[in-house]
Amino acid sequence: DLSFQCRAGETTAVIGGTGAGKSTVAELLLRLHDVDAGVVRLNGADVRTLSQRRLRDAVGCVPQKAFLFSGTIADNLRMGREDATDEELWQALRIAQAESFVSRLPLQLQAPVAQGGANFSGGQRQRLAIARALVKQADVYVFDDSFSALDVKTDAALRRALTAYGTSAAKLIIAQRVSTILDADQILVLDEGRLVGRGRHEELLETCEIYRAIVRSQTQQKDSQGGGTHEEE
């Protein structure tokens, strides 16, 4: 009984407890699983009728565990689009809040990347993976808990930059942190695979008990820790 639309130019967020089915939403769009009832449509077409190439070209996905390949930063970013210019790579890095640390590297775009990105921190890997997706210029961007290694300040700056970017793409953000989705156009609250709440942050605080519980638990956790998470650059 899960039904919703991700509209062009808008941000749809998905939140819920562990095992609520958040990542499954992304996997159904990417056809890592297929629905056995209902339909998943992309630009009006059933995704099961699209070739894998067409589907992959239309969706830019940043998975929960950011992966990088051995080569250079430019090599990794151009996996999204081989003909991207250096200027386009820097623009994507700027939006992903990765420009500052890449510009400080001696070789910058040509800086080496170890297998798996082992020579970068978790937050740096996430930002490079986000930049790679942006280089692709897709119709839909899926961020599957891909801001989790970022401190709250960087997370907020990245989301502001994404909004200012003005892309007409639909953005689907799957998140565990409420702070990541505060300004989403619509938030979907999942519980055991079912949609139990839909609306903006303020609306859900009034109408959805499960959402209120998530907000309350994270606020209490933040207070007990004396602030948000911190990730070294």
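User: What makes a group of residues a patch here?

Analyst: Patches consist of residues with over 30% relative accessible area and no salt bridge (a side-chain nitrogen of Lys or Arg within 4 Å of a carboxyl oxygen of Asp or Glu), where like charges are joined within 9 Å and nonpolar side chains (Val, Leu, Ile, Met, Phe, Trp, Tyr) within 5 Å. This is a predicted model, in which local features need pLDDT of at least 70 and side-chain atom pairs count only at pLDDT 80 or more, while totals for chains, interfaces and linings use all residues. Residues are numbered from 1 along each chain as its sequence is written, and side-chain values use heavy atoms, leaving out hydrogens and water.

User: Which residues form a nonpolar patch on the surface?

Analyst: Phe-67, Phe-69 and Met-79 form it, with about 280 Å² of accessible area together (Shrake-Rupley method, 1.4 Å probe; for residues, only the protein chains shown count as cover).

User: Why is Phe-69 called partly exposed?

Analyst: Buried means under 20% relative accessible area, exposed over 50%, and partly exposed in between. Phe-69 has 35% relative accessibility and therefore counts as partly exposed. Phe-67, at 39%, is also partly exposed.

User: What makes the rings of Phe-67 and Phe-69 an edge-to-face pair?

Analyst: Rings of Phe, Tyr and Trp (its six-membered ring) pair if their centres lie within 6.5 Å; planes under 30 degrees apart are stacked, over 60 edge-to-face, and the rest tilted. Here the centres are 5.5 Å apart and the planes at 75°, so the pair is edge-to-face.

User: Why is the pair of Tyr-141 and Phe-143 called stacked?

Analyst: Their ring centres are 6.3 Å apart and their planes at 25°, so this pair is stacked. Tyr-141 is buried, with a relative accessible area of 1%, and Phe-143 is buried at 1%.

Note on methods. Buried < 20%, exposed > 50% of the residue type's maximum accessible area, 1.4 Å probe, protein only.
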